Each structure stands twice: as structure tokens, then as C-alpha cells.
Amino acid sequence: MKSKTPKVSVVIPCYNDKDYIEETLDAVLNQSFQDFDVIIVDDGSNKETKDVLKKINHPNVSILEQKNRGLSNARNNGFKKALGIYVLTIDSDDTLDTSFLEKAVKILDEKENVSAVSSYCNIFEGNYKLISKHLPKGGGLSDFLFDNNSTSFALIRKSSWKKIGGYDEKMINGFEDWEFWISMTKQGDYVHMIEEFLFNYRQKSISMSKESKKNHREKNLAYIYKKHCDIYANHFTDVVDFLSELAARNKRNEIKYKTSIDFKIGKIILFPFRTLKRMFL
């Protein structure tokens, strides 16, 4: 029997995902744990997606419409509307195992120092063609300083979200979930990772994640490091070790590239053109 106020609220930001949102919603509604409501945040989607959302008719599902303001804003507005003490965030093209909420709720109920629960991740494309597996380890602040050791998919204490001020809405080009975990764990909170593949992440040919890593990685990293300069200053030795290893890795990659057959062939092909260019100049 459901309580009047659900224990869990599920927040699904949706932007132009007409082909997948129903599949995501079905995966949520089929959970073995059923004390939840669902908030789909329509972040200014196109007409085709809005038409799909209008057909959704379930007593526990509500649609929150807004102008396109980005993923962080959509998640934050979903959290604000959430009635549950725990909030599950899942994107509108991903799915989850039927047992996830049951297992994650139990962990948050029993472990007060845990503020979020996620799981290992299957990465797939198309009609569930598995292409790789992702095994983030979760943890505390030290586990998130230089790497995102969780996914955006997680069951989160609403009180923890409120304590850190939610997702940073200035981060419109990705990495907002990593910054969120840093903000959370610097408060002494902990992200628990269920060591089972309970989350299915859909990889598209064009995605925000790919775009972010390709075109915005350096700017995003600079923003995170500056915003949390206090903790990086307190971990100065770790920062030096990380940057030294990064420089060494880049050097190894450069040497590997310059000794590759492709590089040598390209150099031979371009040699006459470079010679002509020098002659004319």
C-alpha cells in the first residue's frame, strides 16, 4: 500500500527524447520497490517529444514543462518539486534494473553517512547492443578530486542536494554531475556504489557527454578547479602528482604518435609540398 507522500521521487529531465522517454519511464514504473512518484521535466523539447509526453497517463507521473535552460536547471526544478526524501535522477534515454530502487533505498535507510547510491553501468547503443562496461567506485572526496567516480544516475538524499545548493546551473556544457559529487563529498558525505550492473547508459552518435569531452573538457576542468580551489589547495601534493603523471602521459602519447607508421607516411607525403612552400616564401 502506497503512502500519501512517496518515499522516493524519480526525476527524469527530458529534452527531445521522443524515441526513448517511454522506454525509460517503463523501466522506472516496473521497479520492485513501488513507493515513488515520477517527475518528467520537459526542458523545452520539440513538438514531437511534447506529443509523446502528452500521451503519458499514469497517476504517479507528472510533467513539468519549462523553457530550455539546461540539464542542471531541469534536475534542480525536479528536485524542488520532489516530495520524496530520496530522489532518483535518470536521463530520458537510459534504463535501470527492476531491483535498483529496492537495493538503493535499503542502503540509504541503513547508512547515515551515505548521501547517494549508484551502481555499475552497462554502456549500450541501438537495440541494447552492449559496447562496454563502466565500473565507477564511488567513495569520498579523495575519490572524486581528479576523476568522476560515479554516474549522473543515482538515488540521492534530497537533504544533501539542498545542503550543497543543487546542481551548478552555470555548467551548461557538461561535467555538472562530477562537480555535484565534489560539492557533496567535500561536506563529508559518501557515494555508495552497488557492485552490480543495474544501470544501462545509452550511447548515441551525438550526445552531450561526447560534445562536452571533445569541445569543453579544458574549460570545464578549469571551472571546477577554480570553484573548489580550497580543497585542491589542501591537497596540493596530490595535485602535483596528478599533473606530473598527466604531463608524462601526454609525452608518452606524443612519442607514440611520432613513431607511428601513419605519422611517418604523412611526413613523407607532405615533404614535397613543404619544400615548394619554402621555395615560394
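Which residues does Q31 touch, not counting residues up to four places away in sequence? I would like to start there, and before answering I should say that what we have in front of us is a predicted model. In that model Q31 touches F36, L96, D97, T98, S99, F100 and L101, once residues up to four places away are set aside. Q31 itself is found in the loop between α1 and β2, and with a relative accessible area of 3% it is buried. There is also a polar contact to mention here, since a polar atom of the Q31 side chain lies 3.2 Å from the backbone oxygen of A27.

Let me now step back to the overall picture. The protein has 281 residues, of which 46% count as buried, and its secondary structure comes to ten helices and nine strands. If we take the contacts between residues at least 6 apart in sequence, 77% of them join residues at least 24 apart. As for the surface, the protein exposes about 15,800 Å², and carbon and sulfur atoms supply 55% of that area.

Next, the interior. In soluble globular proteins, nonpolar side chains tend to be buried together. Here the largest nonpolar core has 36 residues, and those touching the most other members are V8, V10, F36, V38, I40, F100 and L155. Two of the residues in that list, F36 and F100, are also among the residues that Q31 touches. The elements giving two or more residues to this largest core are β1 (8-14), α1 (21-29), β2 (36-43), α2 (47-54), β4 (86-89), α4 (100-110), β6 (114-125) and β9 (190-202), and the largest share, six residues, comes from α4. To look at one member in detail, V10 is in contact with V28, F36, D37, V38, I39, L88 and I90, leaving aside its neighbours within four places in sequence. There is, in addition, a second and separate core of 31 residues, which includes A74, L141, A154 and M193.

Let me turn to charged pairs. Side chains of opposite charge can pair when their charged atoms come close. In this model the count comes to 15 salt bridges, and I will go through a few of them. In one, the side chains of E196 and K103 meet at 2.8 Å, N to O, and this pair links distant parts of the chain, with E196 in strand β9 and K103 in helix α4, 93 residues apart. How accessible are these two partners? E196 counts as partly exposed at 35% relative accessibility, and K103 likewise counts as partly exposed, at 29%.

In another, the side chains of D168 and K227 meet in a salt bridge, again given as 2.8 Å, N to O. D168 lies in the loop between α5 (158-163) and α6 (176-185), while K227 lies in helix α7 (residues 208-227), so the pair ties together parts that are 59 residues apart in sequence. Here D168 is buried, with a relative accessible area of 10%, whereas K227 is partly exposed at 38%.

A further salt bridge joins D230 and K186, whose closest N and O atoms are 3.4 Å apart. Because D230 lies in helix α8 (residues 229-234) and K186 in the loop between α6 and β9, this pair ties together parts that are 44 residues apart in sequence. D230 counts as partly exposed at 37% relative accessibility, and K186 is partly exposed with a relative accessible area of 29%. Finally for this topic, D42, K50 and E65 are joined into one network by salt bridges that share partners.

I will close with two of the later helices. F242 is found in helix α9 (residues 236-258), and is it buried or partly exposed? With a relative accessible area of 21%, F242 is partly exposed, because the buried class is limited to values under 20%. Leaving aside neighbours within four places in sequence, F242 is in contact with F146 and Y225. F242 and L145, which are 97 residues apart in sequence, are 9.9 Å apart in space, C-alpha to C-alpha. In helix α10 (residues 261-280) we find I265, which is partly exposed, with a relative accessible area of 43%. Together with I261 and I269, I265 makes a nonpolar surface patch of about 310 Å².

Definitions and conventions. Residues numbered from 1 in each chain as written. Predicted model: local features only at pLDDT ≥ 70, side-chain atom pairs only at ≥ 80, totals over all residues. Heavy atoms only, no water. Core = buried A, V, L, I, M, F, W, Y, C linked by side-chain atoms within 4.5 Å. Buried < 20%, exposed > 50% of the residue type's maximum accessible area, 1.4 Å probe, protein only. Helix = DSSP H or I, 4+ residues; strand = E, 2+ residues; numbered from the N terminus. Contact = heavy atoms within 4.5 Å. Patch = residues over 30% accessible without salt bridge, like charges linked within 9 Å, V, L, I, M, F, W, Y side chains within 5 Å. Areas by Shrake-Rupley, 256 points an atom, 1.4 Å probe, with all protein chains shown as cover. Salt bridge = Lys/Arg side-chain N within 4 Å of Asp/Glu carboxyl O. Polar contact = N/O pair within 3.5 Å; in protein donor to acceptor, adjacent residues only side chain to side chain.
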